[in-house]
Amino acid sequence: MPKLAIDEVLLLVDAYFQIKDISSSQIRKDVIEELSSNMRRLPFNPEFRSDPRYRSVSGMNMCLANVESLETKSLMHSSKKQRLVFEYYFDKQAILHDHVRSILSVCDLEFPLLSEFSENIQGTILPSYYRYIENNDRAVLDLKKHLYTYGRSSCCVCGDDLKIKYGEDALDIMEIHLNRLLSQTYTAKSVNASELVLVCPNCHRIAHLRPENYTLGFYTGA
Ligand SMILES: [Zn+2]
Ligand SMILES: [Zn+2]
């Protein structure tokens, strides 16, 4: 079976946190069955979907035992991705749960998965989805033009005025960023103009790759 993608590891670790203190075998069984069916819904490895062994309940039980070994520090074979996700979200379990709900709320939609996010601790699906909206949504593109027409040509993070640097090419170079917590996607109905900001391509890249270091107008990373 193919290795778990980062989004699948997010689902796995979330399921582990959901059931780790629960003794009811029925609840554990329900969570693990749901994990298996959600894994099979994600847009990875379509060629394996018809194989009942793919992301099966028994496979998920094995993966959960691997995650458990990270906590009990026993000698099992957890993967590097599992360890990274487990450690990153250990004290952010509620955020991880919302994040997973958000992944499941968009995973059936059609949009390309971007390889630049294939190792992203936020997963590949949500950042790819946001990039897709930013580049294709009519309302988003209209607003970009509108802001630019009304003299907004500076990146709201680094302050660079791209019109001064690039003249009329600035409109093509500037990008628009949907400034919303990825974990809140599942509650969002549509794009609100107040959530959109103009950014330069460099700052935009960081906003997607390291959202934890980024707040509007302020980069907090080293
Ligand atoms: Zn910038
Ligand atoms: Zn963006």
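# Note on a two-domain model with a zinc site

1. The area buried between domain 1 and domain 2 is about 580 Å², and carbon and sulfur atoms give 59% of that area. On the side of domain 1, the residues Asp98, His99 and Ser102 lose the most area to domain 2, and together they account for 54% of what that side buries. Please keep in mind while reading that this is a predicted model.

2. It helps to set out the two parts of this interface along the protein chain, which is divided into domain 1, covering 6–110, and domain 2, covering 137–219. The contact between them takes eight residues from domain 1 and six residues from domain 2. The centres of the two domains, taken over C-alpha atoms, are separated by 33 Å.

3. What kinds of polar pairing are counted between domain 1 and domain 2? There are six residue pairs in polar contact, with both residues of each pair at pLDDT 80 or more, whereas the count of salt bridges between the two domains is zero. Helix α5, residues 93–106, gives the most to the side of domain 1 that touches domain 2, contributing seven residues.

4. Turning to the chain as a whole, its secondary structure comes to 10 helices and four strands. Read from the N terminus on, the elements run α-α-α-α-α-α-α-α-α-β-β-α-β-β. The C-alpha trace spans about 60 × 40 × 25 Å along its principal axes, and buried residues make up 43% of the 222 residues in the chain. Among the contacts with a separation of 6 or more, 63% are made by residues 24 or more positions apart.

5. Which residues coordinate the zinc ion (ligand 2)? The donors come from Glu134, which is listed twice through OE atoms, and from His177 (ND1), His204 (NE2) and His208 (NE2), at 1.9 to 2.5 Å. Along the chain these donors follow the spacing E-x42-H-x26-H-x3-H. Because His177 lies in strand β1 (residues 175–178) and His208 lies in helix α10 (residues 201–209), the pair ties together parts that are 31 residues apart in sequence.

6. Are His177 and His208, two of the residues that hold the zinc ion, buried or exposed? His177 has a relative accessible area of 6% and is therefore buried, and His208, with a relative accessible area of 5%, is buried too. Here a student may want the cut-off, because buried means under 20% relative accessible area.

7. His208 also brings in Asn120, a residue of the loop between α5 and α6 (125–136). A polar atom of the side chain of Asn120 lies 3.4 Å from the backbone oxygen of His208. If its neighbours within four places in sequence are left aside, Asn120 is in contact with Ile6, Pro127, His208 and Leu209. Asn120 is buried, with a relative accessible area of 6%.

8. A search of the whole structure finds 11 salt bridges, and one of them joins Lys29 to Glu33, with the closest N and O atoms 3.5 Å apart. Both Lys29 and Glu33 lie in helix α2 (residues 25–41), where they are four residues apart, or about one turn of the helix. Lys29 is partly exposed, with a relative accessible area of 45%, and Glu33 counts as partly exposed at 37% relative accessibility.

9. A second example is the salt bridge between Asp160 and Lys165, for which the closest N and O atoms are 3.0 Å apart. Where do these two residues stand on the scale from buried to exposed? Asp160 counts as partly exposed at 31% relative accessibility, while Lys165 counts as exposed at 51% relative accessibility.

10. A further example is the salt bridge that Glu195 forms with Arg180, in which the closest N and O atoms are 2.8 Å apart. The pair links distant parts of the chain, since Glu195 and Arg180 are 15 residues apart, each of them in the loop between β1 and β2 (196–199). Glu195 is buried, and Arg180 is buried as well.

Key: Residues are numbered from 1 along each chain as its sequence is written. Chains are lettered from A and ligands numbered from 1 in the order in which they are written. This is a predicted model: local features need pLDDT of at least 70, side-chain atom pairs count only at pLDDT 80 or more; totals for chains, interfaces and linings use all residues. Side-chain values use heavy atoms; hydrogens and water are left out. Donors are N, O and S atoms within 2.8 Å of the metal (3.2 Å for Na, K and Ca); water is not among the atoms, so sites may look incomplete. Helices (H or I, at least four residues) and strands (E, at least two) are DSSP runs, numbered from the N terminus. Buried means under 20% relative accessible area, exposed over 50%, partly exposed in between (1.4 Å probe, protein chains only). Domain bounds come from an automatic or database domain assignment. Contact means heavy atoms within 4.5 Å. Buried area is the accessible area (1.4 Å probe) that two parts lose on being put together, summed over both. A salt bridge is a side-chain nitrogen of Lys or Arg within 4 Å of a carboxyl oxygen of Asp or Glu. A polar contact is a pair of N or O atoms within 3.5 Å; within protein, one must be able to donate a hydrogen and the other to accept it, and residues adjacent in sequence count only if both atoms are side-chain atoms.
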